[in-house]
Amino acid sequence: LKLANVEVSQALDEKLPALFCDRSQMQQVVMNLLLNAAQAVHNRADGMVSILTRVSSSREAIVMEIQDNGEGIPQENLPKIFDPFFTTKEEGKGVGLGLTVVYGIVADHGGEIEVHSTVGKGTLFRVTLPLLESPAGQKAGLKESAKKRHIA
Ligand SMILES: Nc1ncnc2c1ncn2[C@@H]1O[C@H](COP(=O)(O)OP(=O)(O)O)[C@@H](O)[C@H]1O
Ligand SMILES: [Mg+2]
């Protein structure tokens, strides 16, 4: 990001509660979203990517937002961006699997992903991941194994 002259701002909640998740999968989520954000701002002089984490207002989930001020996503593409092999990038830059993988991992964790985008202004991806005690976390079947991990 530095080499591409992209400014990165972080607003990370230092008191974020522990989340039961697959760490390497979650790393893939973040990397894919950051790479897309970086690619979206690549030809702007004032390219900016920001990363925010917080607890949801219900306090039952954690929220991660990755936002850029890049090219944005045309309305007609929004329903397709999570589809396998959907890409608007030239060959060699993208194969259209990043968001498919992101979606799958977030769903496996009982979470949700939202996108808000304006062409020419930028894009915000918001990932919401349920915490252990929340009903959504239980539904995802995470609670028992998570509890064990917590005790250990
Ligand atoms: N932050 C973003 N800004 C603009 N467009 C995006 C962004 N993230 C994803 N997209 C759009 O969604 C498409 C699919 O993304 P992805 O699944 O990661 O595949 P790839 O990056 O390989 O093209 C991209 O080709 C692009 O059109
Ligand atoms: Mg990608």
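**Exercise 1. Determine which protein atoms lie beside the oxygen atoms of ligand 1, and how much of the ligand the protein buries.**

*Solution.* The model is a predicted one.

Step 1. Begin with G96: one of its backbone N or O atoms is 2.8 Å from an oxygen atom of ligand 1.

Step 2. Turn to L99, where a polar backbone atom lies 2.8 Å from an oxygen atom of the ligand.

Step 3. Add T88, which contributes through its side chain: a polar atom there is 2.5 Å from an oxygen atom of ligand 1. With a cut-off of 3.5 Å for a pair of N or O atoms, the distance of 2.5 Å for T88 falls within the limit for a polar contact.

Step 4. Consider the area. Ligand 1 taken alone exposes 530 Å², and 95% of that is buried by the protein.

**Exercise 2. Describe the shell of residues around ligand 1 by number, by character and by origin.**

*Solution.*

Step 1. Count the residues: 19 surround ligand 1, and the closest are T87, T88, K89, G96 and L99.

Step 2. Sort the shell by character. It holds 9 nonpolar, 8 polar and 2 charged residues.

Step 3. Assign residues to elements. At least two residues of the shell come from each of α1 (23–40), α2 (98–108) and β5 (122–130). The largest share belongs to α1, with 3 residues.

**Exercise 3. Establish the strand order of the sheet and locate the helices that pack against it.**

*Solution.*

Step 1. Read the order. The 5 strands form an open sheet, β1-β2-β3-β5-β4, with mixed pairing.

Step 2. Identify the edges: β1 (7–12) and β4 (112–118) each pair on one side only. From one strand to the next, the twist averages 10 degrees.

Step 3. Examine one pair in detail. Strand β3 (residues 61–68) and β5 run antiparallel and are joined by 8 bridges. Within β5, F125 stands opposite I66.

Step 4. Place the helices. Helix α1 lies across β2 (48–55), β3 and β5, at about 25 degrees to β3. Helix α2 also packs on the sheet, where it touches β4 and β5, and its direction makes about 140 degrees with that of β4.

Definitions and conventions. Residues are numbered from 1 along each chain as its sequence is written. Chains are lettered from A and ligands numbered from 1 in the order in which they are written. This is a predicted model: local features need pLDDT of at least 70, side-chain atom pairs count only at pLDDT 80 or more; totals for chains, interfaces and linings use all residues. Side-chain values use heavy atoms; hydrogens and water are left out. A residue is near a molecule or strand if one of its heavy atoms lies within 4 Å of it. A polar contact is a pair of N or O atoms within 3.5 Å; within protein, one must be able to donate a hydrogen and the other to accept it, and residues adjacent in sequence count only if both atoms are side-chain atoms. Accessible areas come from the Shrake-Rupley method with a 1.4 Å probe; for residues, only the protein chains shown count as cover. Helices (H or I, at least four residues) and strands (E, at least two) are DSSP runs, numbered from the N terminus. Ala, Val, Leu, Ile, Met, Phe, Trp, Tyr, Cys and Pro count as nonpolar, Asp, Glu, Lys and Arg as charged, and the others, Gly among them, as polar. Two strands pair if DSSP finds at least two bridges between them. Axes are lines fitted to C-alpha atoms, for helices over the stretch in contact, and angles run from 0 to 180 degrees between N-to-C directions. Contact means heavy atoms within 4.5 Å.
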